[in-house]
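Good morning, and thank you for joining this group meeting. I shall take you through one structure, and I ask that you keep the display in view while I speak.

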Amino acid sequence: MTERVVLVTGSLAEPRVKRMANELGGETIEPVVANVGVKVAALMTTDIVERRLKLPDGVDRVIMPGRFRGDLERLSDFFGTRFERGPDEIADLPEYLGQARQKVDLSQHNMTIFAEIVDATAMSIDQIIERSRKLRAEGADVIDLGCLPDSPFPHLEQTIAALHSDGARVSVDSFNSEELSRATRAGADFLLSLSEKNISIVDEGPAAPVLVSSGAADMASLDRVIDIMIAKGRPYYADPILDPIHYGFAASVARYYDLRMRRPDIPILMGIGNLTELTDADTTGINALLMGICSELNITAVLAVQVSPHCRTAIKEFDYARREYYAAKQANALPQGFGGGLMALRDRKGFASTPEEIEFLASQIRDQNYRIEVAEDGIHIYNRNGHAVGQDPFELFPHIDTRADAGHAFYLGVETARAEIAHKLGKRYAQDEPLEFGIVAGTKGSADDAHAMKFKEAGSTFGKKDDAATAGETSNAKPETAAAKPDAANKSEALDAGQAAADAGTKATAEAKTADDGA
């Protein structure tokens with residue numbers, strides 16, 4: 001059965017949306033484009049849509065632009081059909097329409113993350129508690145207390161008790177059998193690690209051991225100690241040990257595979273620090289690959305560390321990876337289209353517009369406010385006075401007139417520099433929005449905030465952050481845009497824009513983005 005979907009847009013974006021609709025049309029979907037009559041989609045309000053939108057017969061649902069701020073529930077009731085908020089950019093419509101029916105659920109996973117505090121013996125209890133809270137906030141499930149050789153840990157028992165009181169599960173990681181014995185008698189939840197040589201410690205307390213071989217790559221001894229734990233009926237993890245690259249990495253991966261093939265049901269842990277810490281590469285890619293191995297082999301625990309500065313988000317990354325890969329596996333799908341939180345340096349679709357589309361849009365602009373966009377050929381900046389394309393801000397500077405406004409010059413400098421980064425990396429750029437770097441760097445002004453109807457504060461770009469009222473009174477250093485100030489020649493549209501501001505309960509806060517504002 002063909003689904004009839006209405007794509008609501010503004011005048012400037014209508015040609016692009018129509019082209020996309022023609023490409024999307026087929027046996028399962030019939031897209032219909034509806035232009036509400038405002039130039040820029042961000043100006044649409046609930047009242048404007050109710051007055052202007054004319055729906056054809058037999059509509060199954062209506063998709064509003066991603067930056068539309070109106071009341072979807074009210075519109076659904078008014079028109080008697082389902083309204084939903086689509087993607088911010090037109091280029092993302094195909095992917096959105098393909099997955100709109102099943103919202104990705106990243107709340108589930110089947111992986112336990114052990115986060116090691118490698119220098120716990122040298123820290124006070126208060127310092128360990130503080131570190132534990134940070135690691136748990138980033139996704140850790142178990143706090144692993146790393147014991148250093150020849151470094152006494154007199155406060156081990158007190159630390160375990162304090163962490164338990166703070167709500168943390170605790171493992172103790174030591175080569176010293178005496179410290180492991182003290183740990184389990186103090187109520188530690190896990191011990192890292194026990195082998196045939198010291199497996200008797202398991203009988204001294206409740207801690208579940210992580211089992212390793214007695215010698216390097218001695219899988220027979222690992223099998224024997226696994227059988228001991230199975231006979232006892234006690235919980236455990238088995239760890240064949242992941243070795244660093246050029247020191248047995250490939251063979252160690254094979255050990256995990258071999259163990260899983262021979263013992264399909266046992267719980268396995270993988271320590272990932274030998275790869276993330278000892279490889280000069282961004283950890284997002286390493287963690288994505290390791291999580292893929294864990295997912296395929298049903299490895300349900302990892303031990304992660306964050307010692308090297310380049311590994312400072314490793315736990316946060318793995319927390320995201322375990323959720324994304326679990327969702328993909330449950331859907332019997334590739335790990336694509338499940339949030340993209342591990343896409344830090346590049347975006348799957350880096351450029352929302354083609355050079356030709358930007359050229360057309362620039363030719364329609366009739367005001368002096370600068371728009372900035374990024375396409376395959378470089379950074380575009382344009383207003384009614386011209387359209388320039390360059391590879392960096394210095395190439396664009398001669399084409400920008402900011403002599404009368406130093407604040408405006410600063411703003412354009414920031415935006416073009418941000419656009420240069422996006423162009424070089426192949427990332428999505430939207431004017432006035434921070435670049436997204438996936439899970440590794442939180443940014444303000446997320447799409448989630450927009451969907452939660454959180455409006456940007458009115459006023460100057462350079463107003464005091466702690467004084468919105470003062471900010472609203474300062475002179476506007478950031479240029480007004482078509483989104484913020486409609487063409488005065490169209491009186492009806494100007495009135496609707498005024499209504500938009502009133503409906504929003506703020507001054508005209510629609511910000512300078514691409515003129516299509518999504519769809």
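**Helices and sheets of the model**

Let me begin with helix 3 (residues 72–79), which lies across strand 3 and strand 4 and runs at about 155° to strand 4. Contact here means heavy atoms within 4.5 Å. Axes are lines fitted to C-alpha atoms, for helices over the stretch in contact, and angles run from 0 to 180 degrees between N-to-C directions. Helices (H or I, at least four residues) and strands (E, at least two) are DSSP runs, numbered from the N terminus.

Two remarks on the source are due. This is a predicted model, in which local features need pLDDT of at least 70 and side-chain atom pairs count only at pLDDT 80 or more, while totals for chains, interfaces and linings use all residues. Residues are numbered from 1 along each chain as its sequence is written, and side-chain values use heavy atoms, with hydrogens and water left out.

Which strand order does the open sheet of four strands have? The order is 2-1-3-4, with parallel pairing; two strands pair if DSSP finds at least two bridges between them. Strand 2 (29–35) and strand 4 (82–85) are the edge strands, each pairing on one side only. On average, neighbouring strands of this sheet are turned by 25° against each other, direction ignored. Strand 1 (residues 3–9) runs parallel to strand 3 (residues 61–64), and three bridges join them. Opposite Leu7 stands Ile63 of strand 3. Helix 1 (residues 14–24) lies across strand 1 and strand 2, at about 170° to strand 2.

I turn to a second open sheet. Its three strands follow the order 13-14-15, and the pairing is antiparallel. Strand 13 (371–375) and strand 15 (386–390) are at the edges with a single partner strand each, so one side of each has no neighbour in the sheet. Neighbouring strands are turned by 20° against each other on average, direction ignored. Five bridges pair strand 14 (residues 378–383) with strand 15 in the antiparallel sense, and Ile379 has Gly390 of strand 15 as its bridge partner. Helix 15 (residues 406–425) lies across strand 13 and strand 14, at about 10° to strand 13.

**Pocket, rings and backbone**

The second largest pocket holds about 800 Å³ of space. Of the 31 residues that line this pocket, Asp173, Phe175, Ser193, Ile241 and Leu303 are the closest to its centre. On a 1 Å grid over the protein atoms alone, a pocket is an open set of points where a 1.4 Å probe fits, with protein on both sides within 12 Å along at least five of seven lines; lining residues have an atom within 4 Å of a point. Grid points are joined across faces, edges and corners, and the volume is the space filled by probe spheres set on the points. Helix 7 (177–185), strand 8 (190–194), helix 10 (273–276) and strand 12 (301–305) each supply at least two lining residues.

Ser193 is found in strand 8, and the peptide bond from Leu192 to Ser193 is cis, with omega near -5°. His246, in the loop between strand 10 (237–238) and helix 9 (249–262), has a positive phi near 75° although this residue is not glycine.
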